[in-house]
Amino acid sequence: MLFRSPFANPEAIANSNLAMVFVRAGWKVDVITRDLANESSYGYVSGWQAPWIELEHRTHPVSYPSNRRLGRVTDTARAAWTTGHFVEGCRWAAHALEIATALWSAAPYDVIVSRSAPDAAHLPGLRLAAMTGAPWIANWNDPSGDKMPPPYGHGTDARLGWRHQRFLNAVVHSATLHTFPCRRLQGYIAGYLGEEIVTKGAVIPHAALGRQVRTRLARGEAFTITHAGHLSRERNPSYLFAALARLKQERNLGGALRVRLLGISAEGVSGLVKDFGLSENTEFCGSMNYMKTLNVLATSDANVIVEAPCSEGIFLPTKVADYAYAGR
């Protein structure tokens, strides 16, 4: 049984790909997730699409009425009592737990897997493992909230509040195994959750679903560089455009350089493109579905990842697996 977010953001896509690995290995998998209709901030998807179609009949989205204020307060109080933790997302977790216990009563599972972010994805796993005694694997794709390293957050010393810290401590102590996409992220999170997540830890890199055949570019076409993902303010894309402008000038490429930007671009990116003299070279492609993104990546000469200037690189970007899938 897998608790995770739907495939509407990078971490959730990594979770969905791992679920597909389970399915293709012959496992019986049931997934409990947020309602996809409420997960559209990245604009990646509007419904079930390839390559995750096989997960549709295995997925149980958690939906419940928004209610007026009194109804929300009452439901949240009930959720905090049911789950044992009054934290953000406990209302979803309580409804997810109802689905999980119903599925469990029909046929027990060998293992429970919960995958953040958000942290609340661990809450139904925590309760279900306590109720059933089944082994439970808690995966951490990102640090918690303000614990993200600068410039994303305020580092390991940031305060989450005693209720949230109490919840995280319970997850650390109760989980059978903690998994991470890379060793450095594990070490970073151990800095505020303790060494137990190292002694009970393992690394599972992001999964790629096979490998596409690369499309050969015809001679005479522009040299094409693609960036897929969110060019956020923290990632300071001015360095990328400065490097591209230098490449264009030193190689005298003119219009023979093509830059494709897939996904969300922070405010001011179009101005940077203009300032560095790359307007004729740059194409803003906007958000697109996963398979179309992979096809675009496969038709590029090179694909680039931009990360924020963190003091230490602790992340394994989900795009690493996507670029590997595209064969570039």
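**Charge pairs and overall fold**

D30 counts as buried, since its relative accessibility is 10%, and the cut-off for that term is under 20%. The model in which this residue is seen is a predicted one, and the description that follows should be read with that in mind. The partner of D30 is K28, and the side chains of these two residues meet in a salt bridge with a distance of 2.9 Å from N to O. K28, in contrast to a buried residue, is exposed, with a relative accessible area of 58%, so this pair brings together a residue that is buried and a residue that is exposed. In general terms, side chains of opposite charge can pair when their charged atoms come close.

The contact between D30 and K28 belongs to a wider set, for a search of the whole structure finds twelve salt bridges. One of them joins K200 to E196, with the closest N and O atoms 3.1 Å apart, and here E196 is partly exposed, having a relative accessible area of 26%.

Another salt bridge links R246 and E250, whose closest N and O atoms lie 2.9 Å from each other. Both residues belong to helix α8, which spans residues 238–250, and they are four residues apart, about one turn of the helix. R246 is exposed, with a relative accessible area of 55%, and E250 is exposed as well, with 56%. Elsewhere, salt bridges that share partners join D75, R78, R91 and E98 into one network.

Turning from single pairs to the whole, the protein chain contains eleven helices and eleven strands. Its radius of gyration is 21 Å, close to the 20 Å that the globule rule gives for 328 residues, and the chain is therefore as compact as a globular protein of that length. Taken along the principal axes, the C-alpha atoms fill a box of roughly 65 × 45 × 40 Å. Of the contacts between residues at least 6 apart in sequence, 75% join residues that are at least 24 apart.

The division between interior and surface can be described in similar terms. Buried residues account for 48% of the 328 residues in the protein chain, while the area that the chain exposes comes to about 16000 Å², with carbon and sulfur atoms supplying 52% of it. As for charge, the chain carries 34 positive and 27 negative side chains, and the centres of these two sets lie 2 Å apart.

How values were computed:
Residues are numbered from 1 along each chain as its sequence is written. This is a predicted model: local features need pLDDT of at least 70, side-chain atom pairs count only at pLDDT 80 or more; totals for chains, interfaces and linings use all residues. Side-chain values use heavy atoms; hydrogens and water are left out. A salt bridge is a side-chain nitrogen of Lys or Arg within 4 Å of a carboxyl oxygen of Asp or Glu. Buried means under 20% relative accessible area, exposed over 50%, partly exposed in between (1.4 Å probe, protein chains only). Helices (H or I, at least four residues) and strands (E, at least two) are DSSP runs, numbered from the N terminus. The radius of gyration is taken over C-alpha atoms; the globule rule is 2.2 Å times the number of residues to the power 0.38. Contact means heavy atoms within 4.5 Å. Accessible areas come from the Shrake-Rupley method with a 1.4 Å probe; for residues, only the protein chains shown count as cover. Lys and Arg count as positive and Asp and Glu as negative; His and the chain ends are not counted. The place of a charge is taken as NZ of Lys, CZ of Arg, CG of Asp or CD of Glu.
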